[in-house]
Amino acid sequence: MKPPSKAPNRPKNSRRSAAKKRVAGEHADEAGGRFYYKGNRHKQLRAFVSVVKLGTLTRAAEALYLSQPTISLQLQALERELGTTLLERRRRRINLTDAGEALYELARPLVEGWDTLDRDFQARVKGLQAGRLTIAAGTSTIQYLLPELVRRYRERFPAVQLQLANVTGKDGLALLRADEADFAVGSMLDVPNDIAWAPVHHYDPMLIMPPDHPLAAKERITLEDISPYGLILPPQRLSTYRLVDLVFQQRQVPYHVAIEVGGWDVIKEYVAMGLGISIVTGICITEADGVRLAVRNMKQYFPQRSYGVVMRKGKFLSAEARAFMDLVRPGLLTHREHDDPGHSQR
C-alpha cells in the first residue's frame, strides 16, 4: 500500500508572496468599497440630483443609462463621505432630509452647469450661434407681450431654436421645476418659496363693453353698476376669474357669469357682438379695440396685474436665457434672487 502523497513543499518566498497578494486583495476590496466612488464626486452628485428630480432610483438609472445598483452605490458613497443621511427611502417614495435639501440646492446648479458646459463655452467664444431656449408663457403673454421681444431676439440670434410653451399657472411651474423650461414670462398672484419672481410690466384692469351699451355713457362705473349685466370671463382655473370673484365677494356685490370662455380675443369678440361685458387686463387692449369697444379703467376696484420673469431659485441660466432676459429688461439679472436657495415644493 502506497503512503499518501504529500503536497509539494512550496518555497517560503512563494508562500509569503501569496499572503501579500491576499492582503493586498483585501485592502483593494476595502479601498474599492470605501474610495472607489470618491474619485468622481461629479458622478455621485449627478446621481443624487437625478434621483431627487425624478423621484426613484429606477427612473434616475434609466435617465443616466446606469444600473440601479450603481446609482445606489453612488448615493451610499456620497452619504458616507459627507457623514450624513441625504435621502430617506420609504417604500416607493424618496424624501429629502434637511441635509439633503441643502445639498440639492447647492448641487443642482453645479450639475446643470456641467451638463451644458460645452454649449455655454461655445456660446461665449463664438457668440450665440446655436442652442435652444424654452420659455413658458400663457396665451395673453405670447400674443400681446412677447411678439416684439421675440422679433428682436430672432434678429440678434437667428440660430437659436426658440420654443414658446403655451401653458399657464401650475403647468408652467411644473415645467420650471422639471427643467423643461428655462424660465417663464407672465403674471403671478402667489409666489411659491422655490420660485423667483421679477415683475417688469404693469397693466390696469379694464371693463370692456359694446359702444352702445348703457354703461358706455358713464365715465365712472361702480361694481353695483356692473352687477345686473352678465359677465364674460376666462375659465375658473385661471387667475383672472378668481380675482374678479374675490373682489365682488369682498365688496358683497352680487354678479353672474353669462359666458365662460378662454382667450382674450374670443372674449373681446363676444363682447363686441353684444353677448355680455367683461373685465380684462390692459395688456390685451389694442388701438383697434377702441373702434368696436368702450373701455373704462377699473383700477379703483381691481389691482394691477404685473407681468415679468419667473424662474426656479438656484436655476443655472444658459447664455441663451440671459440674452433674452436682457431684452425683457436690461440689468434684470443684477439682482441675484434667482440664486437664493428656496424650499422646493416637489
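Select strand 7 (205-209) and strand 10 (278-281). Four bridges join the two, and they run antiparallel. Bear in mind that this is a predicted model.

Now show side chains on this pair. Leucine 207 is the residue to pick: isoleucine 279 in strand 10 stands opposite.

Add strand 11 (294-297) to the selection. The sheet is now complete: three strands, ordered 10-7-11, open, with antiparallel pairing. Strand 10 and strand 11 are its edges, each pairing on one side only. Look along the sheet for the twist. On average, neighbouring strands are turned by 35° against each other, direction ignored.

Next, bring in helix 11 (264-272). Helix 11 packs on the sheet and touches strand 7 and strand 10. Compare directions here: that of helix 11 makes about 145° with that of strand 10.

**The core**

Stay with strand 7 and helix 11, since both give two or more residues to the largest nonpolar core. That core has 37 residues. Select Leu133, Tyr153, Phe183 and Phe324, the residues with the most contacts inside the core.

Then colour the other contributing elements. Strand 3 (132-137), helix 7 (139-156) and strand 5 (183-187) each give two or more residues. So do strand 6 (195-203), strand 12 (305-312) and helix 13 (319-328). Which element gives the largest share of this core? Helix 13 does, with six residues.

**Helix 2 and helix 3**

Move to the N-terminal part of the numbering. Select helix 2 (41-54) and helix 3 (residues 57-64). Their axes come within 8 Å and cross at roughly 125°. Helix 2 is therefore oblique to helix 3. The crossing is right-handed.

Show the side chains where the two helices meet. On helix 2, pick Arg46, Ala47, Ser50, Val51 and Leu54. On helix 3, pick Leu57, Arg59, Ala60, Ala63 and Leu64.

**Last stop: asparagine 40**

Step back to the loop between helix 1 (12-35) and helix 2, where asparagine 40 lies. Is asparagine 40 buried, exposed or partly exposed? Its relative accessibility is 30%, so asparagine 40 counts as partly exposed. The cut-offs behind that label are under 20% for buried and over 50% for exposed.

Finish with a distance. Pick the C-alpha atoms of asparagine 40 and glutamine 74. These residues are 34 apart along the chain, and the two atoms are separated by 9.5 Å.

Conventions
Residues are numbered from 1 along each chain as its sequence is written. This is a predicted model: local features need pLDDT of at least 70, side-chain atom pairs count only at pLDDT 80 or more; totals for chains, interfaces and linings use all residues. Side-chain values use heavy atoms; hydrogens and water are left out. A nonpolar core is a set of buried Ala, Val, Leu, Ile, Met, Phe, Trp, Tyr and Cys residues joined through side-chain atoms within 4.5 Å. Buried means under 20% relative accessible area, exposed over 50%, partly exposed in between (1.4 Å probe, protein chains only). Two strands pair if DSSP finds at least two bridges between them. Axes are lines fitted to C-alpha atoms, for helices over the stretch in contact, and angles run from 0 to 180 degrees between N-to-C directions. Contact means heavy atoms within 4.5 Å. Angles under 35 degrees count as roughly parallel, over 145 as roughly antiparallel, 65 to 115 as roughly perpendicular and the rest as oblique. A crossing is left-handed if the near helix is turned anticlockwise from the far one by less than a right angle, and right-handed if clockwise.
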